[in-house]
Amino acid sequence: MRGLHGVRAMNETIPIPIDMDALRREVEFINHELLELLGRRARLVSEIQTIKTREGIPTFLPEREHQMLVELVARNRGPFPDETIRRLFKEIFRASVELMESQSCRTLKISRASRAADLQIRVRGAVIGGSEPMLIAGPCSVESEQQMEAVARFLSANGVRFMRGGAFKPRSSPYSFQGLGREGLLLLEQAARRHNLVTVTEVMDTRTVELVSEHADVLQIGSRSMYNYDLLREVGRCRKPVLLKRGLSATVDELLWSAEYIVSEGNVNVILCERGIRTYETQTRNTLDISAVPLLRQKSFLPVIVDVSHAAGRKDILAPLGRAALAAGASGLMVEAHPCPHLARSDSEQQLDLQELAQFMAQCNLRPARDSAALMFQTDRPADPTTVRAIGG
Ligand code: PEP
Ligand code: MN
């Protein structure tokens, strides 16, 4: 039994335990021991996570956590009530899962920790992620041979190597133009081959991955498909580079996890694309999340580009957005351009005409090829002006 000692403290009437200091030292000693034990526990958890990552076992196993809590409560002899024991251990478990998750992030195949150097992707002699910023330009949808020829001629004359154009279109309404499908793929491919361009086009369905990869150079996974894990795995099994767009409301980490799905199947040639996220702002179609660019580059070695057109949904602020994206570290830009935007079958308000595209390139310091000359081109629409002048170098 510990004795009491009449220490004269602030309140003379309250007796202070004679060995309070000793008791406190004991409590502190136990604190240190607990800390030591928590550290030991965390190191074991970390070893378990290494095995889980290797074996593809999920980090959080609710049944196991439940079982451990049941056993701990059964062993509880007080004085803490069972509920307190449950609460304390749940907190320890939560901290362990957090530790395991951060560890598994560090060991992702796409993680900067697993490869320090930026990835450069080469397609038909063009580079994504190299020292020079690149541009992917072209219409929202492939519509006709004349349209694609006009775009392709303009791009090759102005030193742009990547041409986009959707053949399979993800549209909000099932009654809107859904793209020309296979015919669109062929028109895109033929125009690109005539002008030595690299094609970028969306694939929406696992059943068309083979078809699209036969005809296109870079497969685009659109925002609406970023969570389609079957599709991600399927493009991960083919040999074509994949341009992965950030989902409409996806976090940076979710985008990285989707990229990991592709890379985990063996295809490391993934380009991450920030294209704006949904916010409460109504002035733009989406809000361009510039911070995603340095964050993605910090977390992963994959090249990052920015689609300014689908971010803004309007033409008048594309150049400042493009400059901001490049200044933030983007390897390139995507922009929608059409010979006659007002006649486009999708996204007509946000597509630049070819003259505007030339201005955009100049404003973003994306230099046209030195030997390019002023170019005339034909449109396929009789109602339209038949020639438009575009800039040269
Ligand atoms: C597109 O690039 O054609 C497209 C539909 O963009 P997003 O998936 O970003 O909406
Ligand atoms: Mn579009």
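User: What puts a residue around ligand 1 in this model, and which residues are they?

Analyst: First, keep in mind that this is a predicted model. A residue gets on the list if its C-beta atom, placed from the backbone, lies within 6 Å of the ligand. The residues around ligand 1 are Cys140, Gly166, Pro170, Glu202, Gly222, Ser223, Arg224, Lys245, Arg275, Asp307 and His310.

User: How do you know how many of the shell residues are charged?

Analyst: Asp, Glu, Lys and Arg count as charged. In this shell that picks out Glu202, Arg224, Lys245, Arg275 and Asp307, so the tally is 5 charged residues, next to 4 polar and 2 nonpolar ones.

User: Ala344 isn't on that list, so let's look at it now. Why is Ala344 called buried or exposed?

Analyst: Count C-beta atoms. Ala344 has 21 others within 10 Å, and buried starts at 20, so Ala344 is buried. Ala344 sits in the loop between β12 (332–336) and α12.

User: What does Ala344 touch, leaving out residues up to four places away?

Analyst: Pro139, Cys140, His338 and Gln351. Cys140 is one of the residues around ligand 1. Along the chain, Ala344 and Cys140 are 204 residues apart, yet their C-alpha atoms are 8.1 Å apart in space.

User: Why is Ala324 called partly exposed?

Analyst: Ala324 has 17 C-beta neighbours inside 10 Å. Exposed means 12 or fewer and buried means 20 or more, so Ala324 falls in between and counts as partly exposed. Ala324 belongs to helix α11 (residues 318–327). Its C-alpha is 9.9 Å from that of Val306, with their positions 18 residues apart in sequence.

User: And Val306, which way does it point from strand β11?

Analyst: Val306 points one way together with Val304, while Ile305 and Asp307 point the other way, and all of them are buried. That fits a general pattern: in a regular strand the side chains alternate between the two faces of the sheet. Asp307 also turns up around ligand 1.

User: How do you know that β10 and β11 pair?

Analyst: Two strands pair if DSSP finds at least two bridges between them. Strand β10 (residues 270–274) and β11 have 3 bridges, so they pass, and they run parallel. One of the matches is Leu272 with Val304.

User: What else is Leu272 in contact with, beyond its neighbours in sequence?

Analyst: Besides Val304, Leu272 is in contact with Leu244, Leu255, Ala259, Leu296 and Leu302. Leu272 is also one of the residues with the most contacts inside the largest nonpolar core, along with Leu135, Leu244, Ile271, Leu333 and Val335. That core has 81 residues, and its largest share, 7 residues, comes from helix α4 (residues 145–157). In soluble globular proteins, nonpolar side chains tend to be buried together.

User: What makes strand β7 mostly covered?

Analyst: Its score is 5 buried out of 5 residues, for the run 198–202. Both faces are covered: Val198, Val200 and Glu202 are on one side, with Thr199 and Thr201 on the other. Glu202 is also in the ligand shell. On to its partner: strand β6 (residues 162–164) pairs with β7 in the parallel sense over 3 bridges, and Arg164 stands opposite Val200.

User: What makes the phi of Arg124 and of Asn365 stand out?

Analyst: Most residues other than glycine have a negative phi, and most peptide bonds are trans. Arg124 has a positive phi of about 45°, and Asn365 has one of about 60°. Arg124 lies in the loop between β3 (121–123) and β4 (126–128), and Asn365 in the loop between α12 (354–363) and β13 (375–378). As for the other half of that rule, the peptide bond from Gly78 to Pro79 is cis, with omega near 0°.

User: Why is Asn365 called exposed but Arg124 partly exposed?

Analyst: The cut-off for exposed is 12 or fewer. Asn365 has 10 other C-beta atoms within 10 Å, so it is exposed. Arg124 has 13, which is over that cut-off but under 20, so it is partly exposed.

User: How confident is the predictor overall, and where does pLDDT stay under 50?

Analyst: The chain's mean pLDDT is 90, and 88% of its residues reach 70 or more. Over residues 369–393 the pLDDT is below 50. Residues 1–7 stay under 50 too.

Key
Residues numbered from 1 in each chain as written. Chains lettered and ligands numbered in written order. Predicted model: local features only at pLDDT ≥ 70, side-chain atom pairs only at ≥ 80, totals over all residues. pLDDT = per-residue confidence, 0-100. Contact = placed C-beta atoms within 7 Å. Core = buried A, V, L, I, M, F, W, Y, C linked by C-beta atoms within 7 Å. Helix = DSSP H or I, 4+ residues; strand = E, 2+ residues; numbered from the N terminus.
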